Amino acid sequence: MSGTKRIVLALTLVVLLGCGVWAGWRMAHSPSTYNGEGVDLVELYENPSSYDNSGADGAAAIMVNENLDKTAADNVVFSVVFNFRGYDTMGESFILIAAIAGSLVILRKAAHSGKKEEHNHEENV
């Protein structure tokens, strides 16, 4: 790897690391969006059908109220992740697999083309 490529790679990694640290610092110092006041998780877990969610917003109230009717899960969190968001999670998994496979194909072609150039250079000498 040439010196210029190493400098560009190092600079890119430093920028990405800096962005991650900055984002983490901003999230740590931002105000919380929900403090959990008035939520009885034990009651919600043990008896979700009778849980009073009159203070919840639209989406949360629907998920708690219709959890037992629409899914077979007793746990609300499990039903949201694996039933309501199942296709979304599956789509994210396919995108991740495609990105990894595409990266491997690109890196493999670059490695093979570099070997061919070295082999052709040796034959011409």
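These entries record what I looked up in a predicted model of one chain.

Entry 1, overall fold. I began with the secondary structure and found 5 helices and 0 strands. Read along the sequence, the pattern is α-α-α-α-α.

Entry 2, burial and contacts. I looked up how much of the chain is covered: of its 125 residues, 10% are buried. The exposed area comes to about 10,700 Å², and carbon and sulfur atoms supply 64% of that area. I then took the contacts between residues at least 6 apart in sequence; 11% of these join residues at least 24 apart.

Entry 3, nonpolar patch. Which residues form a nonpolar patch on the surface? I noted Val77, Phe78, Val81 and Phe82, with about 400 Å² of accessible area together. I followed up on Phe82, which lies in helix H4, residues 76-84. Is Phe82 buried or exposed? Its relative accessibility is 54%. Exposed means over 50%, so Phe82 counts as exposed.

Entry 4, negative patch. I next looked for charge on the surface. Asp40, Glu43, Glu46 and Asp52 gather there in a patch of negative charge. I checked one of them, Glu43, and placed it in helix H2, which covers residues 41-46. The relative accessible area of Glu43 is 32%. The range between under 20% for buried and over 50% for exposed is called partly exposed, so Glu43 is entered as partly exposed.

Entry 5, recap. I have two surface patches on file: the nonpolar one that includes Phe82 of helix H4, and the negative one that includes Glu43 of helix H2.

Notes:
Residues numbered from 1 in each chain as written. Predicted model: local features only at pLDDT ≥ 70, side-chain atom pairs only at ≥ 80, totals over all residues. Heavy atoms only, no water. Patch = residues over 30% accessible without salt bridge, like charges linked within 9 Å, V, L, I, M, F, W, Y side chains within 5 Å. Areas by Shrake-Rupley, 256 points an atom, 1.4 Å probe, with all protein chains shown as cover. Salt bridge = Lys/Arg side-chain N within 4 Å of Asp/Glu carboxyl O. Helix = DSSP H or I, 4+ residues; strand = E, 2+ residues; numbered from the N terminus. Buried < 20%, exposed > 50% of the residue type's maximum accessible area, 1.4 Å probe, protein only. Lys, Arg positive; Asp, Glu negative; His and termini not counted. Charge placed at Lys NZ, Arg CZ, Asp CG, Glu CD. Contact = heavy atoms within 4.5 Å.
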